[in-house]
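Colleague: Could we go through this model together? I would like to discuss the sheet and the helices.

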Amino acid sequence: MRTATVWDAYLDGFTEDPGYLDYGRIGPLAQVAAAEALGQTEVLSRARFGSLDHFGDQDARMRSAVAAVTGFRPDQVAAQPNTSTGLMHAMFGLTGDVLLSPADFPSVPFAAVRAAEALHVAQPQWLSFDGSEDTAGQVTPGQVRDQLTPSSVAVAVSLVDSRTGFRVDLDGIRQVIGDRLLIVDAIQGFGVVDAAYDAADVVASGGQKWVRAGWGTGFLALSDRAVERLTPVVSGFTGTADSEPWDQVPPPVRAASAFRVTNADGVAQGRFAAALEEIAAVGVSAIEAAVGANAAQLIDLADEFALPVRSSRDVRERAGLIVLEPPAERLTALGAALHNAGITATTRGRTVRLSSHANLAEETVDMLRGAFTSYVSGAGY
């Protein structure tokens, strides 16, 4: 059972300046990750006798940390430099067609299309939607069930839709797809959504957003079924059973580690592991509850100023992304008001996306209130 001290230490690890509401783009480094980076860099810069083997140990540490958060075994996890690379490995390894949304973040569609173009053994099957802008891109079990075909061998989804904040129902999708592979791009919820990863066969994510571990941190987790069915198309010397296979090119090992090209960045793995170890200590469910409460606070504030909220108001369908959709002619004004108030957010298309983590400073809320006040005043309300 976590203690108040552990939770307080976790919240104290948020050191970004007030006004930051853009975790959906990049999470400022957690204090433990920043400290880990300094320590690892010090070891590397001095290279004392016998110290370099320490970096090789970070791979096992990182895989154990991912396993503790996802429920996969450490041997089912392979280091990746980012989410997109992990998804590329999965899509290029498929034989058969994959059902996915064309509205997903580009990492998923690009991986599927590039694999089809290069190998011609798997084709993307594009999910169609009912035409409603409010639900465009939001993948549900019913949609998946109705559009599966006999040639569908896999379904690929984003755990959280980056444009609406919609949280996909992994358990529900697993129930309707049978023994097909379920591939999950988890980046917009990993570390803050207590997801049913046991329903997935492939989970790819990075640590630069909600985990707050910085760039260069990522993983690919594969179920035993995925290891059996996927072909490790791009597999380097670290993907064999030998540590250094000199004078020969042996086949890839039958394991998640086959989906590696070379040794990972030990410093980045240390950062990732440190951040994940802290998350495991406090519990993803506790973080999810705090993120949900803060997201609700942002929605209430938007409602106070009559700003249209595109994100779901059902906490079961919403992660940490709050998407505002002002009138098209007022989008620039809202962006300017946020900028002038010192609020860091993402403007994409016709929407403004706010994303708060477990720690939401009162000063940040006050700054956002000031931005909204300026926005509505400029409209003559």
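Modeller: The following exchange takes up the sheet, one of its strands, and a pair of helices.

Modeller: This is a predicted model, in which local features need pLDDT of at least 70 and side-chain atom pairs count only at pLDDT 80 or more, while totals for chains, interfaces and linings use all residues. Residues are numbered from 1 along each chain as its sequence is written, and side-chain values use heavy atoms, with hydrogens and water left out.

Colleague: In what order do the seven strands of the open sheet run?

Modeller: The order is β1-β7-β6-β5-β4-β2-β3, with mixed pairing. Strands here are DSSP runs of E with at least two residues, helices are runs of H or I with at least four, and both are numbered from the N terminus. Two strands pair if DSSP finds at least two bridges between them.

Colleague: Which strands stand at the edges?

Modeller: β1 (77–79) and β3 (124–126) do; each has a single partner strand, so one side of each is left without a neighbour in the sheet. On average, neighbouring strands of this sheet are turned by 20 degrees against each other, direction ignored. Axes are lines fitted to C-alpha atoms, for helices over the stretch in contact, and angles run from 0 to 180 degrees between N-to-C directions.

Colleague: And β5: in what sense does it pair with β6, and over how many bridges?

Modeller: Strand β5 (residues 181–185) and strand β6 (residues 202–206) pair in the parallel sense over three bridges. V184 stands opposite V203 in β6. β4 also pairs with β5 in the parallel sense, over five bridges, and I183 in β5 is the bridge partner of A156.

Colleague: How many residues of β5 are buried?

Modeller: Five of the five are buried (under 20% relative accessible area, 1.4 Å probe, protein chains only), so β5 is largely enclosed by the rest of the structure. L181, I183 and D185 lie on one side, and L182 and V184 on the other.

Colleague: Changing topic, at what angle do the axes of α2 and α9 cross?

Modeller: The axes of helix α2 (residues 31–46) and helix α9 (residues 266–282) cross at roughly 150 degrees and come within 8 Å. That makes α2 roughly antiparallel to α9 (over 145 degrees).

Colleague: Which residues meet there?

Modeller: V32, A33, E36, A37, Q40, T41 and L44 in α2 meet V267, G270, R271, A274, A275 and E278 in α9, where contact means heavy atoms within 4.5 Å.

Conventions
Angles under 35 degrees count as roughly parallel, over 145 as roughly antiparallel, 65 to 115 as roughly perpendicular and the rest as oblique. Buried means under 20% relative accessible area, exposed over 50%, partly exposed in between (1.4 Å probe, protein chains only).
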